Amino acid sequence: MPSAGLNVLRRAEMCLANIAARNPRVNAVVSVVPRESLERQINQISEPQAPRRGIAGRIFTIKDNYCTRELETSCASKVLQGFTAPYDSEPVELIKKAGGIIIGKTNMDEFAMGTNNDFSRYGKCLNPLYPDEEISPGGSSGGSAAAVAADMCEVSLGSDTGGSVRLPGAYCGVYGFKPSYGLLSRNGVIAYAQSLDTVGILSKSIDLVEDTFDVLNQYDPNDPTSIDPEYRAQIAALPKRDRSTLTVGVMEEAIIDMDPEVQQAWIDALDALREQGHRIKTVSVPSLKSALPTYFIISPAEASSNLSRYDGIRYGYRAPSDREEPSGFLYAPTRTNAFGAEVQRRILLGTYNLSSGQYGNHFEKAQRVRRKIQLEFDEVFATPNVVTQNEVVGDVDVLINPTARTRALPHGQHKSAIEDYINDVLTVPPNIAGLPAISCPWGQGQDSVGIQVIGQFGDDKTVLHVARLLEALQKH
């Protein structure tokens, strides 16, 4: 094997050694590729060929809701127990073509529904920053964030519907990036709520986050939500703003009850940017207060529709009573036994919101509020939104606020679903509006706080640029 391949193999073996040593407690990785698959991937990037992208030889894990040919894809749910997809999802395929090395799949909240990674058929995942306590890594992509934090991989793909990459990133002290909606293909990524779902990227390195984004940022005709080439061309043609002096917006509505250390980290980050000559400005997005209830109307409704396909007949788990003589309850035993409590709760909520008596009062109104939130964000940003074509009246380059109201919490501290839902209050708005957002670690280890940077639709590179600024400011 060439020396380059040996170097990749050594790093892969270090990640596997960390999985062997730390995963029995952390429970971040749920499956690992066979040794022959790992060596085959490494041999392929060692062969003479055209130069590969920046992720060649980097070690990846993949959230368990991405279809993979070699490993089971269950969405951490009993209903998909034993299911192995006949194809790789588009993001997985692109990573392989670019030379990324995939070594395993990661734990998650069942069907990406949760904020603490404790709704999983594999059992709860623990935060590796706290070796002596059972602390949440965040959810639903908690396994991906924990795997990165524990050096079980260098990059991990998660999915973000309402903060499911950024919240774990904040809790585990790593970067968690949610690109603009539709830029990255979701073909082969099992849906929770398709109008909100976004492929997400987690890593300790902002360089690897951006390199992975560049590889995955391609139009996919097989994904109906993929931004088409016309809009991509319009995004590329937008005037380039001077990044040497940025206008950073602070939303009035984001000033909410939060832990003192989180608030102080936010103030420190803003002060550091101000000292570098950047302008800090208070702005208002009045409908932001409605983002969370809007999200918890739209997302369960879409989940109710999406999850109706899991009946136990074509693949996955099927209850024994569904295999007996017809009893008048076909599907019901399978879905009752196989879906966890949180998934059942959201299916019921979504079905109710879509019922003929409530559709107009709930789902339709939520969509109107969603549109209003999008337009209010447009009025803040200086960069135009190529999709809404709303007139630009703002002068803000990015918005900055904490990712979460608190730092990582002990498992089981929240006693009700409502308390868990409230923790998404700062991460949900970018999903509602389809905006790019990244959680950046401010501080080290257990003292780290997630600082969220939000940009205009399509302005992902500015968001990543500000993440680099925050990283550099901490090094001085």
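Which residue of β9 stands opposite Val248? The residue is Val398, and the surroundings of Val248 offer a convenient way into this structure. The model is a predicted one, in which local features need pLDDT of at least 70 and side-chain atom pairs count only at pLDDT 80 or more, while totals for chains, interfaces and linings use all residues. Residues are numbered from 1 along each chain as its sequence is written, and side-chain values use heavy atoms, with hydrogens and water left out.

Val248 belongs to one side of strand β7, together with Val250, whereas Thr247, Gly249 and Met251 are on the other side, and all of these residues are buried. Buried means under 20% relative accessible area, exposed means over 50%, and partly exposed lies in between (1.4 Å probe, protein chains only). Helices (H or I, at least four residues) and strands (E, at least two) are DSSP runs, numbered from the N terminus. In a regular strand the side chains alternate between the two faces of the sheet. Because 5 of the 5 residues of β7 (residues 247-251) are buried, this strand is largely enclosed by the rest of the structure.

The partners of β7 can now be described. Two strands pair if DSSP finds at least two bridges between them. Strand β7 pairs with β8 (residues 279-283) in the parallel sense over 5 bridges, and Val248 stands opposite Ile280 in β8. Between these two strands the chain passes through helix α8 (residues 260-275), and this β-α-β crossover is right-handed; that is, with the strands pointing away from the viewer, the path from the first strand over the helix to the second runs clockwise. Strand β9 (residues 398-402) also runs parallel to β7, and 2 bridges join them. Within β8 lies Thr282. Leaving out residues up to four places away in sequence, Thr282 touches Val250 and Glu252, where contact means heavy atoms within 4.5 Å.

The discussion turns next to the nonpolar interior. A nonpolar core is a set of buried Ala, Val, Leu, Ile, Met, Phe, Trp, Tyr and Cys residues joined through side-chain atoms within 4.5 Å. In soluble globular proteins, nonpolar side chains tend to be buried together. The largest core here has 107 residues, and those with the most contacts inside it are Phe111, Phe377, Ile400 and Ile438. Helix α9 (residues 291-306) supplies the largest share of this core, namely 8 residues. A second, separate core of 29 residues includes Leu71, Ala149, Cys153 and Val165. Apart from residues up to four places away in sequence, Phe111 touches several residues, including Cys75, Ile190, Tyr310 and Phe339.

Aromatic rings form a further set of links. Rings of Phe, Tyr and Trp (its six-membered ring) pair if their centres lie within 6.5 Å; planes under 30 degrees apart count as stacked, over 60 as edge-to-face and the rest as tilted. By this rule the count comes to 9 aromatic pairs. The ring centres of Phe177 and Phe213 are 5.6 Å apart and their planes stand at 75°, so this pair is edge-to-face. Phe177 lies in strand β5 (residues 175-178) and Phe213 in helix α6 (residues 206-216), so the pair ties together parts that are 36 residues apart in sequence. Tyr310 and Tyr315 form another edge-to-face pair, at 6.4 Å centre to centre and 70° between the planes. Tyr310 is buried, at 6% relative accessibility, whereas Tyr315 is partly exposed, at 31%. Ring pairs link both of these residues with Phe83, Phe111 and Phe339 into a cluster.

Helix α4 (residues 142-149) is mostly covered, with 8 of its 8 residues buried; among them are Gly142, Ser144 and Ala149. Just after α4, Asp151 takes a positive phi of about 60°. The loop between β3 (101-106) and α4 contains Ser140, which a cis peptide bond joins to Gly139, with omega about 5°. Asn117 is found in the loop between β3 and α4; its phi is near 55°, a positive value in a residue other than glycine, and Asn117 is buried, with a relative accessible area of 0%. Ala76 likewise has a phi near 55°, and is found in the loop between β2 (59-63) and α3 (90-97).
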